[in-house]
Amino acid sequence: MAFCKDFNARTQKYKSETPMSVTITAFKDNTFEFTVKSPSVTWYLKKAAGIESGSSRPGHVAASSVTLKHVYEIAKVKQSDPYCQYMSLESICKSVIGTANTMGIKVVKELE
């Protein structure tokens, strides 16, 4: 019961259909600790681009496009994740752009 209340309290800022990664550690004395990570970069990119999946031929066929503003917003959210908290925002943005490229999503300055 304590886990459910704690989990719901920590995840209330997310919408119900948002997938998230959770790492749970249970101890012998019935205590626990867990870490909630934000959704994956690919999920955010697909939401921003408005597509269900990436390109079947990345580099040849563009599935959709996102703006640099989208990339920046995704990087800001990912910066709060435990494994990204010590990375610079610029590094995270470069990583998001790399992920977009491998998905066949074109990154543009502004949508036309």
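A helix, as the word is used in these legends, is a DSSP run of H or I that is at least four residues long, and helices are numbered from the N terminus. All the views show a predicted model.

**Close-up of I97 in helix α4.** Residue I97 lies in helix α4, and it counts as partly exposed because its relative accessible area of 27% falls between the limits of 20% and 50%. Leaving aside neighbours within four places in sequence, the residues in contact with I97 are L68, V71 and V107. The view also includes Y72, which is 25 residues from I97 in sequence, while the C-alpha atoms of these two residues are 9.7 Å apart in space.

**Close-up of the largest nonpolar core, which has 16 residues.** Among the residues of this core, those with the most contacts inside it are L45, V66, I74, V96 and I105. Helices α2 (41-49), α3 (68-78) and α4 (89-103) each supply at least two residues of the core, and the helix that gives the most is α4, with 5 residues. In soluble globular proteins, nonpolar side chains tend to be buried together. A reader who wishes to follow one member of the core can begin with I74, which touches V41, Y44, L45 and V96 when residues up to four places away in sequence are not counted.

**Close-up of the crossing of helices α2 and α3.** Two packed helices are described by the angle between their axes and the distance between the axes. Here the axes of α2 and α3 come within 11 Å and cross at roughly 145°, and the crossing is right-handed. On the side of α2 the residues that meet the other helix are V41, Y44, L45 and A48, and on the side of α3 they are H70, I74, V77 and K78. Sorted by kind, the residues of this contact divide into 6 nonpolar, 1 polar and 1 charged.

**Close-up of D81 in the loop between α3 and α4.** Although D81 is placed in a loop, this residue counts as buried, because its relative accessible area of 2% is under the limit of 20%. The side chain of D81 is joined to the side chain of S38 by a polar contact of 3.0 Å. When neighbours within four places in sequence are set aside, D81 is in contact with K37 as well as with S38.

**Close-up of Q79, in the loop between α3 and α4.** With a relative accessibility of 25%, Q79 counts as partly exposed. Not counting residues up to four places away in sequence, Q79 touches C84, Q85, M87, L89 and I92. By contrast, D29 is 50 residues from Q79 along the chain, and the C-alpha atoms of these two residues are separated by 33 Å.

**Close-up of two residues of strand β3, S64 and T67.** Strand β3 covers residues 64-67 and includes T67, which is buried, with a relative accessible area of 10%. A polar contact of 3.1 Å joins the side chain of T67 to that of H70. S64 is also in strand β3, and a polar atom of its side chain lies 3.2 Å from the backbone oxygen of A49. Leaving aside neighbours within four places in sequence, S64 is in contact with A49, I51, G104, I105 and K106. Of these, I51 is 13 residues from S64 in sequence, and the C-alpha atoms of the pair are 7.4 Å apart.

**Close-up of N30, in the loop between β1 (21-26) and β2 (32-37).** Most residues other than glycine have a negative phi, and most peptide bonds are trans. N30, however, has a positive phi of about 65° although it is not a glycine. In this loop, N30 counts as exposed, because its relative accessible area of 72% is over the limit of 50%.

Note on methods:
Residues numbered from 1 in each chain as written. Predicted model: local features only at pLDDT ≥ 70, side-chain atom pairs only at ≥ 80, totals over all residues. Heavy atoms only, no water. Core = buried A, V, L, I, M, F, W, Y, C linked by side-chain atoms within 4.5 Å. Buried < 20%, exposed > 50% of the residue type's maximum accessible area, 1.4 Å probe, protein only. Contact = heavy atoms within 4.5 Å. Polar contact = N/O pair within 3.5 Å; in protein donor to acceptor, adjacent residues only side chain to side chain. Axes fitted to C-alpha atoms, helices over the stretch in contact; angles between N-to-C directions. Left-handed = near helix turned anticlockwise from the far one by under 90°. Nonpolar A, V, L, I, M, F, W, Y, C, P; charged D, E, K, R; others polar.
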